[in-house]
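Dear colleague,

Here is the structure I said I would pass on. My notes on its side-chain contacts follow below it.

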Amino acid sequence: MSTLEEAVIGKGAGRTTRNRIDEIIAGRFACREFSDTPVPRRTIEQILGVARFAPSGANIQPWHVYLLAGAAKERVSAALLEAHETSRDEHVSEYKYYASDLPAPYLKRRQEFGRLFYGSLGIIQTDADARSRQTAKNYAFFGAPVGLIVTIDRRLEVGSWLDLGMFVQNVMLAAAGRGLQSCPQETFAKYHRILRPLLSISAEQMVVCGISIGHAKDEAARGLMPRADVQEFCSFAGFDS
């Protein structure tokens with residue numbers, strides 16, 4: 001069985017027929033180093049034109065996207081980098097991404113992420129300065145030519161966040177289908193007070209995340225993070241053995 005097939009259906013499973021959708025899903029990864037190759041506005045419009053068909057309860061379509069490139073992206077990056085360097089402790093997201101006490105198996109997975117990700121960069125756990133420098137790269141969109149800031153109307157409920165998540169996934173898959181890579185970045189939500197005036201974000205909108213999009217400079221990180229096998233998170237009933 002190929003590496004891709006194992007990624008799609010898990011080790012030890014029977015063979016499956018490869019298809020382009022499987023390849024795009026399994027081949028997507030959080031890219032943290034982009035080349036400076038431009039991405040035309042028309043390509044981004046095509047990506048969003050496809051992504052908008054994400055499932056949405058009662059067709060509410062709760063997403064809003066602020067698109068950045070060129071000088072506009074650089075202005076945002078400069079403001080966020082300055083805040084990260086001078087006042088990061090004064091900023092906090094309007095929503096909580098992680099539980100305060102992660103139970104098993106989630107805590108173990110998060111710890112493994114830190115070990116694999118920072119280990120691949122040669123950053124030891126106790127090196128706070130190096131970790132901060134790595135975090136700062138988020139605010140330059142990891143060098144990507146296009147950055148997205150995604151928001152949701154704060155008056156909506158949790159169900160609309162499900163819709164938003166499917167929309168964000170669609171954006172990343174549509175980008176991958178065009179030979180691009182992406183990185184979803186929750187950390188932008190921390191600096192909503194800076195982003196709001198820069199992008200004219202209304203008071204009703206809550207900053208959820210950013211997305212960097214472009215051509216990967218180095219795809220070595222592809223497949224770095226292991227995923228639980230299907231049997232680990234699924235319970236089957238009523239199927240033939």
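In helix 3, Glu45 and Arg41 are joined by a salt bridge, with N and O 2.8 Å apart. The two residues are separated by 4 positions in that helix, about one turn. Arg41 is exposed, at 67% relative accessibility, and Glu45 is partly exposed at 44%. Please bear in mind that this is a predicted model.

Salt bridges

The whole structure contains 9 salt bridges. Another of them pairs Lys217 with Glu33, where the closest N and O atoms lie 4.0 Å apart. This pair brings together distant parts of the chain, 184 residues apart. Lys217 belongs to the loop between strand 4 (205–214) and helix 9 (230–233), while Glu33 belongs to the loop between helix 2 (20–27) and helix 3 (41–51). Lys217 has a relative accessible area of 57% and is exposed. Glu33 has 37% and is partly exposed, because the exposed class begins only over 50%.

Lys73 and Glu74 also form a salt bridge, at 3.3 Å between the closest N and O atoms. Is each partner buried or partly exposed? Lys73 is buried, with 5% relative accessibility, and Glu74 is partly exposed, with 47%. The limit for buried is under 20%, so the value of 5% places Lys73 in that class. Apart from this pair, Glu94, Arg154 and Arg196 make up one network through salt bridges with shared partners.

Aromatic pairs

There are 9 aromatic pairs in the structure. One of them is the stacked pair of Trp63 and Phe167, with 4.6 Å between the centres and 5° between the planes. Trp63 sits in strand 1 (residues 63–69) and Phe167 in helix 7 (residues 158–176), so the contact links parts of the chain that are 104 residues apart. Both rings' residues, Trp63 and Phe167, are buried.

Tyr139 and Tyr191 make a pair of another geometry. Their ring centres are 5.2 Å apart and their planes stand at 90°, so the pair is edge-to-face. Where in the chain do Tyr139 and Tyr191 lie? Tyr139 is in the loop between helix 6 (128–136) and strand 2 (146–153), and Tyr191 is in the loop between strand 3 (181–185) and helix 8 (192–199). The pair thus links distant parts of the chain, with the two positions 52 residues apart in the numbering. Tyr139 is buried, at 1% relative accessible area, and Tyr191 is buried as well, at 0%. Tyr139 and Tyr191 also belong to one aromatic cluster, together with Phe141 and Phe188.

Arginines over rings

Two tyrosines have an arginine over the ring face. Arg110 is placed over Tyr98, at 4.0 Å from the ring centre. Arg131 is placed over Tyr118, at 3.9 Å from the ring centre.

If you look at a few places in the viewer, these would serve as starting points:

- Glu45 and Arg41 in helix 3, for a salt bridge about one turn apart.
- Lys217 and Glu33, for a salt bridge between distant parts of the chain.
- Trp63 and Phe167, for the stacked rings.
- Tyr139 and Tyr191, for the edge-to-face rings.

Regards

How values were computed: Residues are numbered from 1 along each chain as its sequence is written. This is a predicted model: local features need pLDDT of at least 70, side-chain atom pairs count only at pLDDT 80 or more; totals for chains, interfaces and linings use all residues. Side-chain values use heavy atoms; hydrogens and water are left out. A salt bridge is a side-chain nitrogen of Lys or Arg within 4 Å of a carboxyl oxygen of Asp or Glu. Buried means under 20% relative accessible area, exposed over 50%, partly exposed in between (1.4 Å probe, protein chains only). Rings of Phe, Tyr and Trp (its six-membered ring) pair if their centres lie within 6.5 Å; planes under 30 degrees apart count as stacked, over 60 as edge-to-face and the rest as tilted. A charge sits over a ring if NZ of Lys or CZ of Arg is within 6 Å of the ring centre and within 35 degrees of the ring normal.
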